[in-house]
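Reader: I would like a close look at a single part of this model, taken slowly and with its surroundings. Could you choose one strand region and work outward from there?

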Amino acid sequence: MDRMTVLQLDSVNVLCRSHYLPFLARLGPYDTDRLDRLIYRSGHYFEYLSHEASIVGQDFEPNLRWRMGSGRWKTGRRLEQEAPDYVESVLNEVAEHGPLSIKDLSDPGQRNGPWWGLSKGKLALEWLYQTGRLSVHDRTRAFVTVYDTPQRVIRSDIRSKPTPDEADAQRALLSAGARSHGIGTPSDIADYFRISMRSARPILAEMVADGELVEVQVDGWGEPALLHVDAKRPRQITGRALLSPFDPVVWFRPRAERLFGFHYRIEIYVPEPDRVYGYYVLPFLVDDEIVGRVDLKSDRASRVLLARGVYAEPGVDKDRVAAQMADALAEAAQWLGLDAGVDVSTNGNLADHVRRLV
């Protein structure tokens, strides 16, 4: 977790919650309950809009206060302007009775309200969270957000730290993104904590001048890159991994294409007839290449892992990739508790190769 810095969350549960997958990719099978305890109950991490909704170390909380104070969400601002007493009442209710989810509020409102079709209670909770007046205490098994006051979520030694000015805070975040990537373009590094290029560009230049980053050229990239001074360059990389669509290796699609020649778009929101690869497609990494992709679904009723489409990238050794993919799918099924095994459909140019092995 400390090496990645940021763990992005997503609610889609067709395979499993996406934030569990980066650790499977890096560690192999592990106990997800231990991860839940670490990120929500250890006092070391907290949830905030660092790279979308994400888990990040509590040490970063002072450097995210500028974002909390920006009040960028127009819908939330509108709610507070139109119903300030209601927003204040929600804050007071959580302070008095928290931790609370939307269903615990005395007046949660109706989902068909004028704001995005969501209830005024949910919007108030999200607005208070985005502006730093509430924090996320936990998430339920159904991924329902449970809110509480920052005083009961963020450690007192963190809350007592002074608030840095915006430029210093952004430099700390850019430094963390550069360290976690090792090497990247300015846009790669800025995207890690979703900092605008207008803000990031002069700060990155300062980091180069100070020797924290080194300007380098990478064959085939076509644009300058920045290497973190502490980055390690291994002689070789070995291993295999199914990657969440929200894994830092691939979450910034231009970087994935630049690093691996891998064109990747998540197709959840694409109408089914127009999908190329499937609904929830995971890139498949072997050593230092992305060699394939697989559309996965957990059939929890039948306790089967469904591989609804299995594809090899152009030019790879299909027999080698299929053997690695079959092992990875079997491992994932066991980790997910899908003890009836793996069912591979006929879709995809690697499907027959994998079907013979599972």
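**Strand S10 and its surroundings**

Author: In this predicted model, strands S9 and S10 pair in the antiparallel sense, and 3 bridges connect them. Within that pairing, Leu242 stands opposite Phe284 of S10. S10 covers residues 281-286, and 6 of its 6 residues are buried, so the strand is largely enclosed by the rest of the structure. The residues of S10 point in two directions, with Val281, Pro283 and Leu285 facing one way and Leu282, Phe284 and Val286 facing the other, and all of them are buried.

S10 is also joined to strand S11 (residues 289-299), which runs antiparallel to it, through 6 bridges. Here Leu285 stands opposite Ile290 of S11. S10 and S11 form a hairpin with 2 residues between the strands, and in this hairpin Asp287 takes a positive phi near 55 degrees. As background, strands of a sheet pair through backbone hydrogen bonds, either parallel or antiparallel.

From the strands one can move to the nonpolar cores. In soluble globular proteins, nonpolar side chains tend to be buried together. The largest nonpolar core in this model has 95 residues, and Leu242, which was met above opposite Phe284, is among the residues with the most contacts inside it, together with Phe193 and Leu329. Helix H13 (residues 318-335) gives the most to this core, contributing 9 residues. Another core, of 9 residues, lies apart from it, and its members include Leu285 and Ile290, along with Ala256 and Phe262. The pair Leu285 and Ile290, standing opposite each other across S10 and S11, therefore belongs to a set of buried nonpolar residues joined through side-chain atoms within 4.5 Å.

S9, the partner of S10, also leads to the largest pocket, where strand S9 (240-242) is one of the elements that give two or more residues to the lining, the others being helix H1 (21-27), helix H9 (166-181), S8 and helix H12 (253-260). This pocket has a volume of about 1800 Å³, and it is lined by 46 residues, of which Arg3, Arg26, Ser180, His181 and Val249 lie nearest its centre.

S8, which shares in that lining, belongs in turn to an open sheet of 3 strands with the order S6-S8-S7 and antiparallel pairing. In this sheet, S8 (residues 225-228) is joined to S7 by 4 bridges, and helix H11 (residues 197-209) lies across S7 and S8, running at about 100 degrees to S7.

Methods: Residues numbered from 1 in each chain as written. Predicted model: local features only at pLDDT ≥ 70, side-chain atom pairs only at ≥ 80, totals over all residues. Heavy atoms only, no water. Pairing = 2+ DSSP bridges. Contact = heavy atoms within 4.5 Å. Axes fitted to C-alpha atoms, helices over the stretch in contact; angles between N-to-C directions. Buried < 20%, exposed > 50% of the residue type's maximum accessible area, 1.4 Å probe, protein only. 1 Å grid on protein atoms, 1.4 Å probe; cavity = no way out; pocket = protein on both sides within 12 Å on 5 of 7 lines; lining within 4 Å. Points joined across faces, edges and corners; volume = space filled by probe spheres on them.
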